Amino acid sequence: MLGRELMNSLAKAYAVVGLSRVSSGDISRDEGPVTQRICPIDILKSSDVREIVNRERPSVIINSVSNVFVNECERDPAAALDLHVGVTETLTKAASELGAQLIQISTDSVFDGNKSGPYIESDLTNPLNIYARTKLQSEGIALSWERGLVLRTNIFGWRTDGRLSFAEWVLDGLQKRMPLTMFTDVRYTPIATAALAQLIRICIEKEATGLFHAGGRDCLSKHEFALKLARAFNLSNEQIIPISVDQAPVGALRPKNMCLDSSELSRCLGVSLPTVDTSIEMWMSSR
């Protein structure tokens, strides 16, 4: 979801090589000095990854690998560990050997949600599930490299693997006029993949390092987000049903408050973070 957006965004200024489980020739292109191509690979095979990295010798490595389906991680902790921690170890070692900047995409789920307001970077982490624990572990690995940058975020965008992201699931339900139970007490700061890709490009230009929160400007509930989607796509919101997360079985434990204060990143990059409405507009136009 983010990887595809990064390919499209960064290829405007850089030669970009994407690693994917499947070949995506439809987005590969060669326009003069700027190239964009996909290398099909099993990202879990460290030797294959290192072979490509040694061949391409990138100046920047971005790790957007993640299984965001939290319950799947809970059912198979070993697979989550291999994907989130093992891959990060491989890429961090490769980046350090090349002297490359490493950008690690992390999550707002590293906190337990007990804080009343948005989280800042120095707040204590306390992940509640396997997904969050393995993502937090990967943060430490990436930050062990002096040119490592970790961005905690919560994105929405278009998936290309046939599975629906949360935002796509909401939009699909709205279009089909299906009942949608939306949590009023789970709050977060979502940002569109297109908007985050722009921020990442500036991070590359400024050679940013360290730990930053990279969410949107607005903290809102899942219920409020669904209402905004309905309004943006000019769809009825009558089937959106407000409920508490305590009323619904969600499987793995999850924090209620995932809001991030991303003002430090805004100051560092000298840019304003997008509102939810702006992110939704970017999402609509990037389809």
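Let's start with helix α7 in this predicted model. It has 14 residues, so at 1.5 Å a residue it should span 20 Å, and its end C-alpha atoms are indeed 20 Å apart, which agrees. Just past the end of α7, E207 takes a positive phi of about 55°.

Now look at what α7 tucks away. T193, A194, A195, L196, A197, L199, I200, C203 and I204 are buried in this helix. Nonpolar side chains in soluble globular proteins tend to be buried together. Here, the largest nonpolar core holds 27 residues, and the ones touching the most other members are I103, L149, L151, L196, L199, I200 and L265. Two or more residues of this core come from each of α1, β5 (101-107), β6 (148-153), α7 (193-206) and α9 (263-269). Helix α7 supplies the largest share, eight residues.

For a closer view, pick I103. Leaving aside residues up to four places away in sequence, I103 touches V60, I61, I62, N63, L149, L151, I200 and I204. There is also another core, apart from this one, with 25 residues, including L174, A230, M258 and V276.

Finally, let's turn to open space. The second largest pocket contains about 170 Å³. Around it you'll find M1, R4, E5, N8, W158, R159, T160, T193, S285, S286 and R287. Sorted by type, the lining has two nonpolar, five polar and four charged residues. Helix α1 (residues 2-10) gives the most to this lining, with three residues. You've met T193 before: this lining residue is also among the buried residues of α7.

Technical notes: Residues are numbered from 1 along each chain as its sequence is written. This is a predicted model: local features need pLDDT of at least 70, side-chain atom pairs count only at pLDDT 80 or more; totals for chains, interfaces and linings use all residues. Side-chain values use heavy atoms; hydrogens and water are left out. On a 1 Å grid over the protein atoms alone, a cavity is a set of points where a 1.4 Å probe fits but cannot get out, and a pocket is an open set with protein on both sides within 12 Å along at least five of seven lines; lining residues have an atom within 4 Å of a point. Grid points are joined across faces, edges and corners, and a volume is the space filled by probe spheres set on the points. Helices (H or I, at least four residues) and strands (E, at least two) are DSSP runs, numbered from the N terminus. Ala, Val, Leu, Ile, Met, Phe, Trp, Tyr, Cys and Pro count as nonpolar, Asp, Glu, Lys and Arg as charged, and the others, Gly among them, as polar. A nonpolar core is a set of buried Ala, Val, Leu, Ile, Met, Phe, Trp, Tyr and Cys residues joined through side-chain atoms within 4.5 Å. Buried means under 20% relative accessible area, exposed over 50%, partly exposed in between (1.4 Å probe, protein chains only). Contact means heavy atoms within 4.5 Å. The expected span of a helix is 1.5 Å times one less than its number of residues.
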